[in-house]
Amino acid sequence: MSEFEPKIVAFVCNWCTYAGADLAGTSRTQYASNVRIVRFPCTGRIDFMLLMKAFENGADGVIVSGCHPNDCHYTSGNFHARRRWIVFRSILDLIGFDTDRITFSWVSAAEGKKWANLVDEVTDKIKAKGPFTDLDKLDGVQLKELYDEAITK
Amino acid sequence: MKLLQNKVAELFENGTINLMIGFKEALTKQPVPCFIEKASEIEQLIYTKDCKNNLSVYLHKPEVKQAGKIGILANIATLRALVQLTSENQFWDIEKTVLTVNDKEEVIVFSDMEEVEAYVQANFPEFSEEDLKLLDYLESLSREDRWKYWTEQFSACIKCYACRAVCPMCYCPQCTVECNQPQWIKTSAQTTGNLEWHIMRAMHLAGRCINCGECGRICPVGIPVHLLTVKMNQDLFKEFGTKSGFALKGDYALNSFKPDDKEGFIK
Amino acid sequence: MARIGVFICHCGENISATVDVAKVAEEAAKMPGVAYAMDYKYMCSDPGQTKIIEAIKEHKLTGIVVGACSPRMHEATFRKAAEKGGINPFLCEIANLREQVSWVHPRTEATTRKAIDIVRTIVNKVSKDTPLFPIKVPVTKTALVIGGGIAGIQAALDIANAGHQVIMVEKSPSIGGHMSQLSETFPTLDCSQCILTPRMVEVAQHPNITLHTFAEVESVSGFVGNFDVKVRLKARSVDMSKCTGCGTCWQKCPSKKIPDEFNAGLSYRTAIYSPFPQAVPNKPVIDRANCNYFQKGKCGICKKVCPAGAIDYEMEDEIIDIKVGAIVTATGFDIKHTDFFPEYGYGEFKDVIDGLQFERLASASGPTSGEIRRPSDGKIPEKIVFLACSGSRDKAKGIEYCSKICCMYTAKHAMLYKHKHHEGNAYVFYMDIRSAGKNYDEFVRRAIEEDDVHYIRGRVSRIYEKDGKLIVKGVDTLMNAEPVEIEADMVVLATAVVANPDAESVAQKMHISYDKHHFFAEAHPKLRPVETNTAGIMLAGACQTAKDIPDTVSQASAAASKIMGLFSSDEMTREPVVAVVNRCMPPLFTTCTGCLLCLEVCPYHAIEREEIKDRRTGEILKVAAKVNAGLCQGCGTCVAFCRNKSIDLQGFSNQQMLSEVVALLNKPF
Amino acid sequence: MEIKTITSANIPVFFNNLVKSGKVVVAPVLKKSGKVFFESVQSYDQVSTDYIQTAFSAKSVVFPEVEELFSYTKKEDGDFEFRNDMSNVPETVIWGLRPCDSSAFNYLTDFFLKENPDTYFKLRKERTTLISVSCAKADAACFCTSVGLNPGNVTGSDILLTAMGDSYYVEISTEKGKSVIDTALFTDSTEKSKEEFLAKVETKFSMDEIRERIQTAYDSAEWKHESMGCLGCGACAFSCPTCTCFDIQDEGSQESGKRLRCWDACGFGQFTRHASGHNPKSNQTARRRQRLMHKFKYSVENFGIVSCVGCGRCIRVCPAHLNIFENILNVTKA
């Protein structure tokens with residue numbers, strides 16, 4: 001069996017991290033191809049539900065990245081986002097969701113190298129953790145699965 | 001009891017209210033919500049320490065709003081809810097008169113929301129010991145065990161949305177779960193969707209939940225859903241110093257920020 | 001059903017070297033909703049664009065995806081091509097296959113797979129795209145300048161000279177601001193009033209400028225291009241149209257013991273007064289709080305003596321409504337006063353003064369006609385100690401920032417004193433000398449080297465009075481931290497520059513943000529230093545932060561040119577990437593709960609309260625949020641904030657973003 | 001009807017034999033929350049015996065919360081493959097349901113099978129055996145006797161067990177019931193009446209009177225007051241043994257997905273909302289009325305039976321403590 005190739009979705013803002021990823025391209029910095037970028041105008045636009053949907057649809061890891069504090073193109077979108085993430089992480093922690101699979105970062109438009117390193121690090125981390133299956137195991141547990149068990153018994 | 005009934009009778013008489021939301025004793029002897037529309041029904045009105053329901057949830061109900069001038073008998077959680085809801089610009093379309101019975105069994109009729117605010121701030125309740133104990137226990141578990149605990153709980157959820165119906169803060173005319181363009185959360189009651197629902201509910205109540213605990217109390221399958229929002233409130237106070245249902249023009253943790261908010265996880 | 005065209009660019013070999021472009025096009029053709037797919041060497045070239053235009057027509061495409069370089073490069077190009085082909089430009093989206101695929105990964109199957117995934121994601125997004133149309137906003141070509149100091153004057157003149165109408169509102173009876181109080185200006189030592197007053201007169205006489213002095217902005221509503229402003233014209237008690245400015249009234253006024261603001265409290269004025277001889281307009285106002293007639297009901301002398309019959313005690317404040325397209329906020333600054341410093345005597349020692357008071361002492365139009373004399377006894381001081389950084393850069397005093405102008409004016413003060421009293425001694429206590437600027441450092445060197453001002457690096461811990469002298473106890477950190485004690489005749493504190501006391505309320509009226517010191521916040525500290533977060537409102541001068549005159553004037557001109565740009569056409573065109581609150585059938589009207597918590601979230605104050613009313617009865621049926629498209633910049637923070645998804649962002653809608661995520665993960669990576 | 005006896009000591013043996021026979025046995029289990037739920041059980045030790053009523057009924061065995069009607073996958077050639085495999089629905093025994101609940105199965109069967117039989121329900125019902133246990137205790141919420149049932153009612157059950165001291169009185173009503181009886185454990189019954197071992201349930205109203213008065217109750221002015229406390233949650237409908245509202249949902253993408261039948265509730269504001277936004281049941285008063293009128297009037301018109309079995313679950317679960325029999329009495333007041 002070939003090595004596990006994790007699916008990593010990156011939610012990034014248009015002005016800093018997307019531009020940073022472009023810079024990694026223009027400077028031909030190579031990094032793992034496991035990442036797929038979804039472009040948002042601002043980290044403030046990133047709905048926590050989208051993170052949940054990414055995991056539900058099969059992502060193994062998620063990166064959320066935007067402008068450094070004080071650098072937001074819209075001045076305060078990233079500050080609002082930061083508070084939202086603090087709260088979101090806390091609820092995930094309480095529920096026991098594997099928050100190690102979400103990496104938050106600030107990557108500026110000048111940090112192409114940082115972007116490449118971030119993707120590589122996250123890819124390695126998720127490779128080591130293995131596929132995300134916590135949610136797959138959940139559905140259909142109710143009576144239906146018990147029936148299946150009964151049949152195979 | 002007589003004091004309270006007399007006060008309410010007075011309010012009916014002088015035309016201050018034409019509907020009183022309060023408590024009566026049910027056949028089971030427990031206090032249950034009651035709706036008094038006529039002076040003749042006033043004698044069923046009671047108030048005891050066991051009056052736990054958060055009656056403010058009824059102020060969102062069209063049938064109740066129709067009455068126009070509404071009296072509401074409020075315990076401390078309800079008073080907090082009223083403060084929070086006022087800060088969220090609700091109630092612009094009703095006239096309400098708020099009553100409570102304090103520790104000395106005196107009946108207080110508040111003349112405006114500022115008085116309610118002052119009373120709430122002077123009598124601000126602590127988190128319940130029981131909730132804190134359960135949270136401590138959960139936090140002592142490993143991540144995997146917490147996951148197991150909650151996914152087991154959520155697998156029992158039948159999406160009856162009673163937790164939403166009973167919550168005074170859940171007053172959206174159309175909830176996100178009812179939004180199908182796009183469909184954020186699956187309609188079917190399956191664990192992943194249930195989990196998403198409860199996470200979303202907690203996020204939407206973070207900093208707005210007033211800790212009445214109604215959601216946990218009434219869950220027909222017994223999920224302690226209120227713990228999620230209790231935890232949120234605890235964290236928000238710790239991180240940002242905000243309290244929900246505390247001030248009429250308060251800082252809501254998620255629509256404000258400080259440039260130097262601290263976190264330890266953003267690389 | 002969508003008919004989407006997919007166009008994969010080779011970018012010469014930039015993409016095709018590592019991505020199997022033919023395979024990407026082949027896979028794209030199979031994607032749901034895709035009616036046509038192709039690949040081509042240079043999609044952005046003229047022939048490439050022509051292929052897109054032709055394909056749109058031939059295949060009746062409803063949307064297109066171009067797999068090419070970053071959208072930051074050619075999105076505009078391809079959207080124009082889409083428009084030429086006859087489809088709404090916002091139904092063209094870019095799949096970034098170069099910067100984020102071919103340039104960062106080797107030629108492998110995984111790289112091609114990634115390219116296909118990205119194309120699928122964008123195809124899915126386009127299938128959820130809706131046509132968007134640029135938002136046109138009419139522009140009222142009149143500017144409001146708030147504040148009549150040098151910043152406001154400069155901005156007003158620039159805009160007026162460009163042919164646009166300007167309304168200037170100044171809260172005091174005359175324009176001129178702090179600059180009119182200054183004696184000489186660094187680094188050239190030319191007389192402040194000599195360079196300023198011609199500008200003041202120009203403002204008053206300019207055909208395009210309407211001047212309202214003794215007036216304040218009451219409220220601002222509306223948005224860029226279309227502000228509605230209420231201005232309160234405070235009652236002057238003097239009819240401006242009759243008054244000739246002869247001065248009889250203030251010569252006869254019996255209330256003569258009112259501290260004179262213009263002279264920084266070093267002299268007195270009357271209750272009816274014009275602030276200074278060169279005031280513009282040079283017509284008096286009655287200071288009602290100090291007027292016998294208004295306070296005690298008797299006197300009325302001014303009315304009796306006025307030859308023009310201009311005195312009107314019955315005059316009331318008047319509120320006028322004006323419509324403007326843009327606003328320059330140039331409300332200036334204040335300084336800390338000597339009473340702020342317990343260690344320097346709480347303002348009790350008459351001969352401990354602040355910098356502005358020294359300016360008045362040194363000014364030819366000041367209370368001493370330019371002779372530097374002690375306020376206490378009028379003697380010429382033999383020894384003056386100047387303290388730079390009084391309050392500034394002092395965390396304990398709550399002022400962490402550098403006030404920027406003090407190093408320069410302290411050098412100037414010392415120099416002015418030395419020029420007038422060659423035998424006098426001037427000492428300057430300083431922390432660092434910050435004299436960056438054209439000819440600035442040379443100026444400070446001149447003070448030290450040519451004018452023999454003694455600079456001591458260290459701070460002063462205490463000042464007290466002894467035998468008519470001021471004992472200044474400090475330390476010289478360059479001399480092994482040795483204590484220094486100077487018996488001075490006068491001490492000048494270069495007190496910190498601070499925001500105006502009413503800055504916060506002004507900012508709230510204008511809906512602009514401010515920092516914790518109440519200085520107004522620029523839209524971006526580096527790239528948009530002149531604009532505020534509220535489109536159409538600019539900043540000029542020290543209301544933003546401490547500034548000297550050249551910086552202030554530069555910024556004022558910059559603000560003016562921003563406004564001239566805005567006024568260069570009758571309509572403003574804005575990208576339709578804005579947030580919208582949904583609407584639906586009654587009785588719901590909108591799913592918005594009207595909690596209005598989003599009002600605080602918006603960095604641009606673009607969300608406002610809306611009352612949905614019954615058209616016949618006017619009864620309020622619903623309260624909801626409403627996004628002002630003129631102000632919205634499209635960040636989407638409100639969208640993620642809204643609990644029940646009642647706000648959506650055009651171009652990055654919930655539908656679009658969620659379908660991107662789902663499409664991305666549909667197939668194995 | 002066949003009457004037999006089994007000793008109390010043999011009950012666990014009987015139960016465990018059922019499990020061993022390969023059937024899925026669903027029985028009441030006491031959960032940490034203090035509530036009792038039906039769950040698939042492996043051994044009699046897990047079964048709760050000391051309960052008045054389970055929090056939820058056992059209807060989910062034949063009418064699951066979420067029923068997958070079919071699933072689909074897009075094939076390589078672009079065509080779709082549909083799957084609808086019901087063959088793995090196992091033989092199931094529901095153990096320990098109360099007589100009111102088993103009689104509810106009569107209504108469910110009429111509802112799903114009388115016209116246009118529902119194949120999913122039919123198959124599940126065929127493979128389900130009901131072994132009920134009579135009530136020895138009741139609480140203030142119980143009112144089966146008011147709707148024509150009683151704590152020892154046999155209708156609907158395949159087997160009804162009634163505890164009588166150290167033995168159980170066994171009433172076997174059906175062939176299916178007979179087929180699961182382990183003859184060695186059961187002996188022929190000796191006369192004795194089970195009545196004295198049954199709970200006493202007070203009659204709250206006369207069904208005959210209600211049946212008549214409900215005809216004109218639609219216009220009663222009391223509905224508004226009676227429904228004032230209703231918050232529009234679905235707790236009553238979801239816990240009710242006879243509520244059958246459902247909603248069809250498609251979940252999936254253009255590539256693959258499934259069609260599901262999910263429980264719904266007529267008390268939900270969205271239940272009757274049209275695509276246009278118009279809602280014929282625009283307020284909770286109308287929705288509450290619909291629920292009660294359905295139980296006491298409409299189901300009588302359609303199927304000849306009152307579809308409320310008096311289990312009292314909705315009374316116990318209601319966050320606002322609404323009481324169905326009080327409501328009914330008040331809206332039918334003369």
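Here are some questions and answers about a predicted model, going through its sheets, helices and contacts.

Q: Which strands of chain C stand at the edges of the open sheet with the order 20-27-21-22-23?
A: This sheet of chain C has 5 strands with parallel pairing, in the order 20-27-21-22-23. An edge strand has a single partner strand, so one side of it is left without a neighbour in the sheet. From one strand to the next, the twist averages 25 degrees. The two at the edges are strand 20 (352–354) and strand 23 (454–457) of chain C.

Q: Which residue stands opposite Lys383(C) in strand 22 of chain C?
A: Start with the two strands: strand 21 (residues 383–390) and strand 22 (residues 425–430) of chain C run parallel and are joined by 5 bridges. Lys383(C) faces a partner in strand 22 of chain C, and that partner is Asn425(C).

Q: At about what angle does helix 12 of chain C run to strand 21 of chain C?
A: Helix 12 of chain C covers residues 406–420. Across the sheet, this helix lies over strand 21, strand 22 and strand 27 (490–495) of chain C. Its angle to strand 21 of chain C is about 175 degrees.

Q: Which residue takes a positive phi in the hairpin of strand 24 and strand 25 of chain C?
A: Strand 24 (residues 460–466) and strand 25 (residues 469–476) of chain C pair in the antiparallel sense, over 6 bridges. One bridge pair is Arg462(C) with Lys473(C) in strand 25 of chain C. The hairpin has 2 residues between the strands, and the residue with a positive phi, near 50 degrees, is Asp467(C).

Q: How many residues lie between strand 25 and strand 26 of chain C in their hairpin?
A: Strand 25 of chain C also runs antiparallel to strand 26 (residues 482–488) of chain C, with 7 bridges joining them. Leu470(C) stands opposite Ala488(C) in strand 26 of chain C. In the turn, Asn480(C) has a positive phi of about 55 degrees. The number of residues between these two strands is 5.

Q: Are helix 6 and helix 7 of chain C parallel, perpendicular or oblique to each other?
A: The axes of helix 6 (residues 150–161) and helix 7 (residues 192–205) of chain C come within 10 Å and cross at roughly 50 degrees. Angles from 65 to 115 degrees would count as roughly perpendicular and those under 35 as roughly parallel. Helix 6 and helix 7 of chain C are therefore oblique.

Q: How many residues of the contact of helix 6 with helix 7 of chain C are nonpolar?
A: The crossing of these two helices of chain C is left-handed. Helix 6 of chain C brings Ile150(C), Ile153(C), Ala156(C) and Leu157(C), while helix 7 of chain C brings Leu196(C), Arg199(C), Met200(C), Glu202(C) and Val203(C). By class, 2 are charged, no residues are polar, and the nonpolar count is 7.

Q: Which helix of chain C gives the most to the side that touches chain A?
A: In this contact, 34 residues of chain C meet 36 residues of chain A. Helix 4 (98–102), helix 5 (109–128), helix 17 (637–641) and helix 18 (654–665) of chain C each give two or more residues to that side. With 7 residues, the one that gives the most is helix 18 of chain C.

Q: Which strands of chain A does helix 18 of chain C touch?
A: Chain A has an open sheet of 4 strands in the order 2-1-3-4, with parallel pairing. Its edge strands are strand 2 (35–40) and strand 4 (102–106) of chain A. Helix 18 of chain C packs on the sheet, its direction making about 175 degrees with that of strand 2 of chain A. The strands it touches are strand 1 and strand 2 of chain A.

Q: How many charged residues are on the side of chain B that touches chain A?
A: Chain B puts 33 residues into this contact and chain A puts in 34. Helix 6 (143–156), helix 8 (191–205) and helix 10 (226–240) of chain B each supply at least two residues of chain B's side. That side has 18 nonpolar and 5 polar residues, and its charged residues number 10.

Q: How far apart are the C-alpha centres of domain 1 and domain 2 of chain B?
A: The domain assignment splits chain B into domain 1 (2–122) and domain 2 (129–240). Their contact takes 11 residues from domain 1 and 10 residues from domain 2 of chain B. The distance between the C-alpha centres of the two domains is 27 Å.

Technical notes:
Residues numbered from 1 in each chain as written. Chains lettered and ligands numbered in written order. Predicted model: local features only at pLDDT ≥ 70, side-chain atom pairs only at ≥ 80, totals over all residues. Pairing = 2+ DSSP bridges. Axes fitted to C-alpha atoms, helices over the stretch in contact; angles between N-to-C directions. Contact = placed C-beta atoms within 7 Å. Nonpolar A, V, L, I, M, F, W, Y, C, P; charged D, E, K, R; others polar. Domains from an automatic or database assignment. Parallel < 35°, antiparallel > 145°, perpendicular 65-115°, else oblique. Left-handed = near helix turned anticlockwise from the far one by under 90°.
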